[in-house]
Amino acid sequence: MTRAIVLHETGGPETLRWEAIEVGEPGAGELRIRHTAIGVNFHDTYVRSGSYRTLTLPGIPGVEAAGVVERVGPGVSGFAPGDRISYINEKYGGYAEARLLPARLALRIPDGITDEAAAALTVKGLTACMLLRQVHAVRPGERVLVHAAAGAMGQLLVRWAKHLGATIIATVGSAAKARIARQCGADQVILYREENFVARVAQLTGGEGVHVAYDGVGADTFLGSLECLRLRGTLVNFGQVSGPVAPFPVSRLAARSNTLVRPLLFHYIRERAELEAMAGETFAAIGQGVIRATVGLRLPLDRAGEAHVALESRATSGAVVLVP
Ligand SMILES: NC(=O)c1ccc[n+]([C@@H]2O[C@H](COP(=O)([O-])OP(=O)(O)OC[C@H]3O[C@@H](n4cnc5c(N)ncnc54)[C@H](OP(=O)(O)O)[C@@H]3O)[C@@H](O)[C@H]2O)c1
């Protein structure tokens, strides 16, 4: 019997129910995967709560996982039973012991990267790659603001931006998280629940502001992040853990000729060549020690609801992984 977390209606963590499912045989172009580690993303909480209506209900949430190929469907080349793979699937289905997966989404996990690291780093590592290398290509000497820097995304952004030669100003919610951000390479850390981060950034940059602000917090920080930008600086709003950003007048960007970007990873990996290129760069960054998987919370898959509670209550640092 195969089991999975099934969402029947949106709501609180109790809506994530542990049930038996049918997986079946892989069809043309598909693989049957037995999951070994499943990555939890903030996106999953938006889907569960109904803030995003992108999963058809009843449905199995979860956009990333790592696992082993069990069976290969007709017409698939390049994969065989026993291969270790990870994937990103915007059509969901990750919170399951096993699944069918289009082979075009599968990424071979390089030797030296564990399944757990792959589950922690496929969505988030590729997102960091997208944000730092494509959305705004960070250059040596740039000043970079990273919010929630001890979070899963935050740690990756700090480590990778530091490697690219930037000076990092990080915000975090507690002293313990400040220590983590510093260990990742942050030059300055602001406790943004206690201090006005806009005033501190102005002070730390001699009134100049930052070249780029990476803001996955959304509602609570968005306008402040905009105020932290230098002339022609860029605000990258890549998430909304504190709620969606309210509409704002575009004319505010004119005050300092600023750029605003709101990127989604799924749109940067539509083509297999794009996916492979970004995965290649991300796996190489892992291999070289530029970024690493820091798993702050590991829970059995049937306790996915607890993982959501921890993530939403700001109790985690690093990645959250479910083990089938
Ligand atoms: N655009 C994309 O394609 C893409 C892809 C992947 C992830 N993301 C985004 O990246 C962001 C980070 O995701 P993650 O999975 O790595 O989560 P995370 O950063 O590990 O966890 C969220 C952190 O945000 C901070 N936070 C501030 N206000 C909060 C609030 N009201 N509720 C909860 N947390 C709050 C907390 O850190 P402090 O205690 O330090 O404040 C918390 O630990 C999310 O917005 C996610 O949607 C976007």
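These questions and answers concern a predicted model and the ligand it holds.

Reader: Which residues come nearest to the ligand?
Author: The shell around the ligand is made of 25 residues. Those that come nearest are Lys177, Tyr192, Gly216, Leu265 and Arg314.

Reader: How many residues of each class are in the shell around the ligand?
Author: The shell is sorted here into three classes, nonpolar, polar and charged. Tyr counts as nonpolar and Gly as polar in this sorting. The counts are 14 nonpolar, 8 polar and 3 charged residues.

Reader: What is the distance from an oxygen atom of the ligand to an N or O atom in the side chain of Tyr192?
Author: A polar contact needs N or O atoms within 3.5 Å. A polar backbone atom of Ala152 lies 2.9 Å from a ligand oxygen, and a backbone N or O atom of Leu265 lies 2.7 Å from one. For the side chain of Tyr192, the distance is 2.5 Å.

Reader: How much of the ligand's accessible area does the protein cover?
Author: On its own, the ligand has 910 Å² of accessible area. The part covered by the protein is 92%.

Reader: Which helices each supply at least two residues of the shell?
Author: The helices in question span 42-49, 115-135 and 152-163. They are helix 1, helix 2 and helix 3.

Reader: Why is helix 2 called oblique to helix 3?
Author: The axes of helix 2 and helix 3 come within 9 Å and cross at roughly 45°. Angles under 35 degrees would count as roughly parallel, and 65 to 115 as roughly perpendicular. Helix 2 passes helix 3 in a right-handed crossing. Because of the crossing angle, helix 2 is classed relative to helix 3 as oblique.

Key:
Residues numbered from 1 in each chain as written. Predicted model: local features only at pLDDT ≥ 70, side-chain atom pairs only at ≥ 80, totals over all residues. Heavy atoms only, no water. Near = heavy atom within 4 Å. Polar contact = N/O pair within 3.5 Å; in protein donor to acceptor, adjacent residues only side chain to side chain. Areas by Shrake-Rupley, 256 points an atom, 1.4 Å probe, with all protein chains shown as cover. Helix = DSSP H or I, 4+ residues; strand = E, 2+ residues; numbered from the N terminus. Axes fitted to C-alpha atoms, helices over the stretch in contact; angles between N-to-C directions. Parallel < 35°, antiparallel > 145°, perpendicular 65-115°, else oblique. Left-handed = near helix turned anticlockwise from the far one by under 90°.
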